[in-house]
Amino acid sequence: HFFAKDFSVNCTDSVLVCVCPCAEMEESPARAAEAKLFVGNLPISITEQEVEAAFSQCGTVTEVALLKPNSMGVRGGFVRFLDPRAAELAIAQLSGKTLGGSHTPIVVRRADTERPAERRQHRQIGRAPV
């Protein structure tokens with residue numbers, strides 16, 4: 001589905017290598033983690049659509065997942081962007097802002113990529129993750 005001008009082909013040591021835009025768009029696990037953000041201090045009444053609308057100002061949002069509210073009536077969630085640069089922009093522009101009529105500023109940071117069991121193990125032995 002790409003035209004010839006959209007990609008290049010290089011021959012090196014009898015090995016054919018295709019360098020095309022789609023190869024750059026493929027999402028590796030590390031790249032996906034860079035594009036996933038944790039958002040804290042969201043008001044209990046906010047919807048996924050409202051979060052997506054706020055964050056889509058920074059780039060293409062591919063996923064929004066809200067967590068259940070805590071006992072203080074605030075909730076957190078996750079926002080994933082198509083491009084890690086959009087995630088960085090969202091951190092810079094939205095962290096400290098308010099959403100959904102709340103007076104509490106939201107916290108926006110990269111999502112923790114460790115699995116919960118790994119975090120527990122690090123806490124038990126008293127070390128921070130490497």
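Okay, one bit of vocabulary before anything else: when I say buried I mean under 20% relative accessible area, exposed is over 50%, and partly exposed is in between. By that yardstick Glu-88, with 35%, is partly exposed. Keep Glu-88 in mind, I'll come back to that residue. And please remember that what you're looking at is a predicted model.

So, the overall layout. The protein chain has 5 helices and 6 strands, and from the N terminus the order goes β-β-α-α-β-α-β-β-α-β-α. There are 130 residues, and 26% of them count as buried. If you take the contacts with a separation of 6 or more, 53% are between residues 24 or more positions apart. As for the outside, about 9,100 Å² is exposed, with carbon and sulfur atoms supplying 54% of that.

Now the inside. In soluble globular proteins, nonpolar side chains tend to be buried together. Here, the largest nonpolar core has 20 residues, and Phe-55, Val-79, Phe-81 and Ile-106 are the ones with the most contacts inside it. Who supplies it? You get at least two residues each from β3 (36–43), α3 (48–55), β4 (61–66), β5 (74–81) and α4 (84–94). The top contributor is α4, which gives 4 residues. If you want one residue to click on, try Val-79: leaving aside neighbours within four places in sequence, its contacts include Leu-37, Val-39, Val-51, Phe-55, Val-61 and Val-64.

Next, charges. Side chains of opposite charge can pair when their charged atoms come close. The structure holds 3 salt bridges. Let me go through them.

Arg-80 pairs with Glu-63, with the closest N and O atoms 3.2 Å apart. Arg-80 is in strand β5 and Glu-63 is in strand β4, so this pair ties together parts that are 17 residues apart in sequence. Arg-80 is buried at 17%, while Glu-63 is partly exposed at 38%.

Then there's Arg-85 with Asp-83, where the closest N and O atoms are 2.7 Å apart. Arg-85 is exposed, at 64% relative accessible area, and Asp-83 is partly exposed at 22%.

And here's Glu-88 again: its side chain meets Arg-110 in a salt bridge, 2.5 Å from N to O. Glu-88 sits in helix α4 and Arg-110 in strand β6 (residues 107–110), so parts 22 residues apart in sequence get tied together. Arg-110 is partly exposed too, at 46%.

So what about Arg-75, which is buried yet has no salt bridge? Arg-75 is in strand β5, and the nearest side chain of opposite charge, Glu-48, is 7.2 Å away. A salt bridge needs the nitrogen within 4 Å of a carboxyl oxygen, so that distance doesn't make the cut. What the Arg-75 side chain does reach is the backbone oxygen of Leu-67, at 3.0 Å. Beyond its sequence neighbours within four places, Arg-75 is also in contact with a list of residues, among them Val-39, Asn-41, Pro-43, Ile-44, Leu-66 and Pro-69.

Two of those are worth a quick stop. Asn-41, in strand β3, has a phi near 65 degrees, which is a positive value in a residue other than glycine. Asn-41 is partly exposed, at 29%. Then Ile-44: its C-alpha is 9.3 Å from that of Met-72, with their positions 28 residues apart in sequence. Met-72 itself is in the loop between β4 and β5, and counts as exposed at 71%.

That's my tour, thanks.

How values were computed. Residues are numbered from 1 along each chain as its sequence is written. This is a predicted model: local features need pLDDT of at least 70, side-chain atom pairs count only at pLDDT 80 or more; totals for chains, interfaces and linings use all residues. Side-chain values use heavy atoms; hydrogens and water are left out. A nonpolar core is a set of buried Ala, Val, Leu, Ile, Met, Phe, Trp, Tyr and Cys residues joined through side-chain atoms within 4.5 Å. Buried means under 20% relative accessible area, exposed over 50%, partly exposed in between (1.4 Å probe, protein chains only). Contact means heavy atoms within 4.5 Å. Accessible areas come from the Shrake-Rupley method with a 1.4 Å probe; for residues, only the protein chains shown count as cover. Lys and Arg count as positive and Asp and Glu as negative; His and the chain ends are not counted. A polar contact is a pair of N or O atoms within 3.5 Å; within protein, one must be able to donate a hydrogen and the other to accept it, and residues adjacent in sequence count only if both atoms are side-chain atoms.
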